[in-house]
Amino acid sequence: MEGTPVRGPWQGRFDSGTIRGVGSLFRAPRGRAEVVYDYAEVVLGSVLVGLGTNWFFVPNKVVSGGVTGIAIIAHYVVGTPVGLVVFALNLPLLWLGWRFIGGMRFFARTLVSVIVLSLTIDLTAPCLTPPTTDRLLVICYGGLLDGLGMGLVFRGRGTTGGTDVLARIAHRHLGVGIGQALLAINVVIFAGAAFIFGAEPVMVALALAFVSARVLDLVQAGFSVARTALIIAAEPRAVMDAVFARLGRGVTVLDALGGYSGEPRPVLMVVVAAHEVGRLKRLVAEVDPKAFVAIVPAQEVLGEGFAPHAREEKG
């Protein structure tokens, strides 16, 4: 949004004001700490995925999809350790990630994720007992833990290896959402798993994969903590002054035209934190009771007063 002064027949000279507000739930740090933060997300996310595998997937014969799903199948067919198979199958896929996605930086973070994931699965397997065998709870909590873990790994600019690498390639070169790409790949794997475990575990796995994909995309985009208000008022100057003085928020003026009257109708766009929506509505009603106000969720807000812009790391 431009913050340069604007002049019109219906207003005086003004600027965008000082923006103050809450940041996103997952605020990205700046400077040298950013690398440490990324690796912390990769490690934490990998541990969560590994715990979810041992708590919900392996004991309930639920194929989680991707390389881990293949490892679970191998575990029940030939008795191999799940984590060891995950590591072995990821080696060629790591090369693909290094070649087509992110170079050495991507390779290093994904290697860390694969190692942590494999160790978490095999080292915690003897210690963990499944908290439930209820299919609905497995879908909800297994999908939540899996999606949250993978989302954190992706935010750290790595992957958990396996089909995650293929999903990242599809996202970068085809513009497909990461969650949607993972879901499509996993459907193919689930079809093969149906011949071994039967239809019911695969049906559970499909539902779980949907929950996981939704959580993953939510973590990737960030939780919506902001709202965008579009205001059409008879006294736009008065509304802007009130927003500046009482909310401390910036205002962007959009030139618009009334569809019925054909007259110019300036639209005021204000981005506020979710908890400020009530104050904004009361403020507008006080200044101009006949004003038209539309409030919509802002999926993600980057810039002053909110989350900082993410910087692409080279190498």
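I began with a search of the whole structure, a predicted model, and the search returned seven salt bridges. I then took up some of them one by one, starting with those that involve Asp-38.

**Entry: Asp-38 and Arg-109**

I looked up the partner on helix α3 and found that Asp-38 forms a salt bridge with Arg-109, with 2.8 Å between the closest N and O atoms. Asp-38 belongs to helix α1, which runs over residues 33-57, and Arg-109 to helix α3, residues 82-124, so this pair ties together parts that lie 71 residues apart in sequence. I next asked myself whether these two residues are buried or exposed. Asp-38 has a relative accessible area of 4% and is buried, and Arg-109, at 1% relative accessibility, counts as buried too.

**Entry: Asp-38 and Arg-157**

I followed Asp-38 to another partner and noted that its side chain also meets that of Arg-157 in a salt bridge, at 2.6 Å from N to O. Here Arg-157 sits in the loop between α4 (135-155) and α5 (163-174) while Asp-38 sits in helix α1, so the pair ties together parts that are 119 residues apart in sequence. I checked the accessibility of Arg-157 as well, and with a relative accessible area of 14% this residue is buried, since the cut-off for that class is under 20%. Taking both entries together, I recorded Asp-38, Arg-109 and Arg-157 as linked in a network of salt bridges.

**Entry: Arg-237 and Asp-241**

I turned to helix α8, where the side chains of Arg-237 and Asp-241 meet in a salt bridge of 2.7 Å, N to O. Both residues lie within this helix, which spans residues 236-247, and they are four residues apart, about one turn of the helix. How does the accessibility of each partner read, buried or partly exposed? Arg-237 has a relative accessible area of 19% and is buried, a value I set against the cut-off of under 20%, whereas Asp-241, at 37% relative accessibility, counts as partly exposed.

**Entry: a nonpolar patch**

I closed with the surface and asked which residues make the nonpolar patch there. The patch, of about 450 Å², is made by Phe-87, Leu-91, Ile-115, Leu-119 and Leu-123. I looked up one of them in more detail: Phe-87 is found in helix α3, the helix that also holds Arg-109. With a relative accessible area of 31%, Phe-87 is partly exposed, and I noted that this value fits the requirement of over 30% for residues that make up a patch.

Notes:
Residues numbered from 1 in each chain as written. Predicted model: local features only at pLDDT ≥ 70, side-chain atom pairs only at ≥ 80, totals over all residues. Heavy atoms only, no water. Salt bridge = Lys/Arg side-chain N within 4 Å of Asp/Glu carboxyl O. Helix = DSSP H or I, 4+ residues; strand = E, 2+ residues; numbered from the N terminus. Buried < 20%, exposed > 50% of the residue type's maximum accessible area, 1.4 Å probe, protein only. Patch = residues over 30% accessible without salt bridge, like charges linked within 9 Å, V, L, I, M, F, W, Y side chains within 5 Å. Areas by Shrake-Rupley, 256 points an atom, 1.4 Å probe, with all protein chains shown as cover.
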